[in-house]
Amino acid sequence: MSGTTDAHIAPRADLLERLGSELAPPLLTVPEVSAEDFPGRALDDFVGRLEKDGLAGALLDRPLSDERFRAFGEVLGTPLPETDPAVLPRVSLDVVLNLVGERSRTENVALQPFAANPLSLHTEGSGRPVAEQPRYIVLMCCEPGDVTSAAQTVLAPMDAIGSRLTPRERETLSRTRYRRNTQGPPILRNVDGRQVFSFRDFLAEPLEWTYSGTDTTPDITSDTVNTVLRGLLTAMYAPGGHTGVRWERGLLLAIDNTFYFHGRRAGTSSVPARRRHLKRLRIK
């Protein structure tokens, strides 16, 4: 589906591989809160901002313990267990994934979140049925590592990406889904008046899709759908549409999986004195 000269290739590389440059931070209020008191009185404000903006954060004076981190996740919903055998050695309490950075890269997709690889823009669980997709991704920084501009978490708002597509492109995406999981949602659906994507940039890997057209769209061909998918990737990586999280110890961030694509810039290949360590919860 993707060629080396496609319009999104260069801006994707610039976004994900450009070490040493800082992305603008997300527009959100991050109150400073004592870990002892969190969430406490901060809960209503945190949940309110998450529901309204799809993003909420707090800067704690120290990271929460695994038990308290899981308990906070249970306030937002149901933490999803980590079941991939490749990551189980890095899991505590069945649901807390320890993302400890390594300096090398790997071809093993399951281990790339721990390596120096960049992570392409995606929604979490994009091929799963909606009922099995996490609604929130909660990240907490235990150690930012040596180079704070490297391995920044990248956020891309879905509403801005959808606005770059034509009505015909949006209609086509609303009838296209992953072929290998026909129970999954279409790539684009409407939720409470918002455009919500379930999609992952698979980089060089092929994306197998299926299209369910109507009698009123007989001119939609395989080439048409592939062109629309390339257009989506171009919209996802359009310059200027991304923000980056500069992690610091105690920063806790919740991302609504129906508001934002997320990804990660490449890590540094130098030997760090301190390795970055984030903890992750996926909340249904």
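A disulfide is a pair of cysteine sulfur atoms within 2.5 Å. The model is predicted, so local features need pLDDT of at least 70 and side-chain atom pairs count only at pLDDT 80 or more, while totals for chains, interfaces and linings use all residues. Residues are numbered from 1 along each chain as its sequence is written, and side-chain values use heavy atoms, with hydrogens and water left out.

**Exercise 1.** Determine how many disulfides the structure holds, and examine C141 and C142.

Solution.
- Step 1: For C141, the closest cysteine sulfur belongs to C142 and lies 6.8 Å away, which is too far for a bond.
- Step 2: The search from C142 leads back to C141, again at 6.8 Å and too far for a bond.
- Step 3: The count of disulfides is zero.
- Step 4: Buried means under 20% relative accessible area, exposed over 50%, and partly exposed in between (1.4 Å probe, protein chains only). C141 is buried at 0% relative accessibility, and C142 is buried at 14%.

**Exercise 2.** Describe the surroundings of E169 and find the nearest side chain of opposite charge.

Solution.
- Step 1: E169 sits in helix α5, residues 167-173. Helices (H or I, at least four residues) and strands (E, at least two) are DSSP runs, numbered from the N terminus.
- Step 2: Lys and Arg count as positive and Asp and Glu as negative; His and the chain ends are not counted. A salt bridge needs a side-chain nitrogen of Lys or Arg within 4 Å of a carboxyl oxygen of Asp or Glu.
- Step 3: The nearest side chain of opposite charge is R170, 6.8 Å away, and E169 is buried without a salt bridge.
- Step 4: Leaving aside residues up to four places away in sequence, E169 touches R164 and V228, where contact means heavy atoms within 4.5 Å.

**Exercise 3.** Place strand β14 among its partners and state which of its residues are buried.

Solution.
- Step 1: β14 spans residues 260-264, and five of its five residues are buried.
- Step 2: Y260, H262 and R264 point one way, F261 and G263 the other.
- Step 3: Two strands pair if DSSP finds at least two bridges between them. β5 (residues 119-122) pairs with β14 in the antiparallel sense over two bridges, and β7 (residues 153-157) runs antiparallel to β14 with five bridges.
- Step 4: H262 in β14 stands opposite H122 and also opposite L155.
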